[in-house]
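Me: I'm new to this one, so could you walk me through it once it's on screen?

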Amino acid sequence: MKTILNVIWLVLSGFWLFLAYLAAGVVLCITIIGIPFGIAAFRVGVYALWPFGYTTVERRDAGSPSCVGNVLWLVLAGWWLALGHIATGLVLCITIIGIPFGIANFKLIPVSLFPLGREIVPTDEPFATR
């Protein structure tokens, strides 16, 4: 079932969201300081490409640098990507079939705003890394 949902997601919105994260990651990797943010954009972009079957968990060992990094991320790229998720989610919620995909878009907003200090894990073992 996850594969079917992911394929439909890929066609409806996943590919375009992945391209947005890819563009943000390339722009952020231009400077040396932006490389960690670019890597986070690539990581979340792959999650946005194929989200069903995965979830995010907070890393307790992230510390205060991830908090400061999340504030910088929010200013540099996070709110643009969150607006993309909101717009795509609203468009998908127009039809009954698209409502689950719109809800999935809304669930991706927190990770698009604050990606640092989070880890993407399979849903069948969200606490296996702890």
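**Aromatic rings and the core**

Me: How many aromatic pairs does the structure hold?
Reply: The structure holds four aromatic pairs (Phe, Tyr or six-membered Trp rings with centres within 6.5 Å). This is a predicted model, where local features need pLDDT of at least 70, side-chain atom pairs count only at pLDDT 80 or more, and totals for chains, interfaces and linings use all residues. Residues are numbered from 1 along each chain as its sequence is written, and side-chain values use heavy atoms, leaving out hydrogens and water.

Me: How do Trp9 and Phe52 pair up?
Reply: Their rings meet edge-to-face (planes over 60 degrees apart), at 6.0 Å centre to centre with 85° between the planes. Trp9 belongs to helix α1 (helices are DSSP runs of H or I, at least four residues), while Phe52 sits in the loop between α2 and β1, so the pair ties together parts 43 residues apart in sequence.

Me: And Trp9, buried or exposed?
Reply: Trp9 is buried (under 20% relative accessible area, 1.4 Å probe, protein chains only), with a relative accessibility of 0%. Phe52 is buried as well, at 19%.

Me: What about the rings of Phe52 and Phe101?
Reply: Their centres are 5.9 Å apart and their planes at 90°, so this pair is edge-to-face too. Phe101 lies in helix α4, and the pair therefore ties together parts that are 49 residues apart in sequence. Ring pairs thus link Trp9, Phe52 and Phe101 into a cluster.

Me: New topic: which residues touch the most others in the largest nonpolar core?
Reply: In that core of 21 residues (buried Ala, Val, Leu, Ile, Met, Phe, Trp, Tyr and Cys joined through side-chain atoms within 4.5 Å), they are Trp9, Trp73, Ala77, Leu81 and Leu108. The largest share, six residues, comes from α2.

Conventions
Buried < 20%, exposed > 50% of the residue type's maximum accessible area, 1.4 Å probe, protein only. Helix = DSSP H or I, 4+ residues; strand = E, 2+ residues; numbered from the N terminus. Phe/Tyr/Trp six-rings, centres within 6.5 Å; stacked < 30°, edge-to-face > 60°.
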